[in-house]
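Please open the structure in your viewer and switch to a cartoon view. We will go from stop to stop, selecting a few residues each time.

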Amino acid sequence: MQAEAIMSKPVVGIDPSASIAEAAGLMLSKKVSGLPVIRADGGLVGIVSEGDFLRRGELGTERKRSRWLEFLVSPGKAADEYVRANGRRVEEVMSQDVVTASPAASLAKVVELMTRHHVKRIPVIQAGKVVGIITRSDLLRALLGVLPDEAATVIDDEQIRHNIATELARHKWAGKDLINVMVDKGVVTLSGAIFDERERQAAIVAAENVAGVNAVKDNLFCADPVSVVLVS
């Protein structure tokens, strides 16, 4: 799946010369947490988000440091913080380093960009113009669209057991033939040994994701890999 398949459009943006009051009002009215800052010609120049309004002089939340720490801050950095805390226009408080993606970018690439750069939204750019934006909500909607139907699926118990065993065999955390799988009318019982409690939830999730499973019973026990000897 590509970015263009899930991006939101048309994009709700704001002009760089708009006031911060306009930006805040637009975010509240559109129920979004950030806005791409777009020139009249459609070019992207920045992003303004709720985070840009946290340190404000009007709220008394501007950054404050002890006297000796303030001495270590460069004049340039202090000036920048002052502008962000007191600026009146969007262009004065926006973030200018914007992470973008193309319409053809894969969702894996979009998520990698979000996590690597710690951002919540990725503008989608084509021919220098903003054509869409992807937020975490767009990714949630995409996930919802591909999750299996919750309606009961009738599949033979032996086939379910085989599918779960196949999935477990793909992962080193499941061990080799240490987790036993039994299925009765779609209800899966997991038994056997694990050596780390985190493996318990992983095994349950592996079973839950197999079509036809109605419920999973956990009878796994956590063994000490040093002191416990398993006899097959």
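In what order do the strands of the open sheet with mixed pairing stand? Keep in mind that this is a predicted model. The order is S5-S6-S7, a sheet of three strands.

**Stop 1: the sheet edges.** Select residues 179–184 for S5 and 215–222 for S7. Each of these strands has a single partner, so one side of each lacks a neighbour in the sheet; they are the edges. Looking across the sheet, you will find an average twist of 10° from one strand to the next.

**Stop 2: the S6–S7 pair.** Now add residues 187–194, which make up S6. Strands S6 and S7 run parallel and are joined by eight bridges. To see how they line up, pick Val-187, which has Ala-215 of S7 opposite.

**Stop 3: the helices on the sheet.** Show residues 197–208, helix H9. Helix H9 packs on the sheet and touches S5, S6 and S7, with its direction at about 155° to that of S7. Next, bring in residues 157–169. This is helix H8, which lies across S5 and S6 and runs at about 155° to S5.

**Stop 4: a glycine in a loop.** Select Gly-186, in the loop between S5 and S6. Is Gly-186 buried or exposed? Its relative accessible area is 2%, under the 20% cut-off, so Gly-186 counts as buried. Beyond its neighbours within four places in sequence, Gly-186 contacts Asp-157, Ile-160, Gly-212, Val-213, Asn-214 and Ala-215. You met Ala-215 at Stop 2, opposite Val-187. For a sense of scale, draw a distance from the C-alpha atom of Gly-186 to that of Ser-29: you should read 47 Å, for residues 157 apart along the chain.

**Stop 5: two residues of helix H7.** Move to residues 136–146, helix H7, and select Leu-143. With 43% relative accessibility, Leu-143 is partly exposed. Turn on the surface and add Met-1, Leu-140, Leu-144, Val-146 and Leu-147: with Leu-143 they form a nonpolar patch of about 640 Å² accessible area together.

Asp-138 is in helix H7 too. Which residues does Asp-138 contact, leaving aside its neighbours within four places in sequence? They are Ile-6, Ser-8 and Ile-133. Asp-138 has 2% relative accessibility and so counts as buried. Finish by selecting Ala-5: its C-alpha atom is 9.9 Å from that of Asp-138, although the two residues are 133 apart along the chain.

Conventions
Residues are numbered from 1 along each chain as its sequence is written. This is a predicted model: local features need pLDDT of at least 70, side-chain atom pairs count only at pLDDT 80 or more; totals for chains, interfaces and linings use all residues. Side-chain values use heavy atoms; hydrogens and water are left out. Two strands pair if DSSP finds at least two bridges between them. Helices (H or I, at least four residues) and strands (E, at least two) are DSSP runs, numbered from the N terminus. Axes are lines fitted to C-alpha atoms, for helices over the stretch in contact, and angles run from 0 to 180 degrees between N-to-C directions. Contact means heavy atoms within 4.5 Å. Patches are made of residues with over 30% relative accessible area and no salt bridge: like charges are joined within 9 Å, nonpolar side chains (Val, Leu, Ile, Met, Phe, Trp, Tyr) within 5 Å. Accessible areas come from the Shrake-Rupley method with a 1.4 Å probe; for residues, only the protein chains shown count as cover. A salt bridge is a side-chain nitrogen of Lys or Arg within 4 Å of a carboxyl oxygen of Asp or Glu. Buried means under 20% relative accessible area, exposed over 50%, partly exposed in between (1.4 Å probe, protein chains only).
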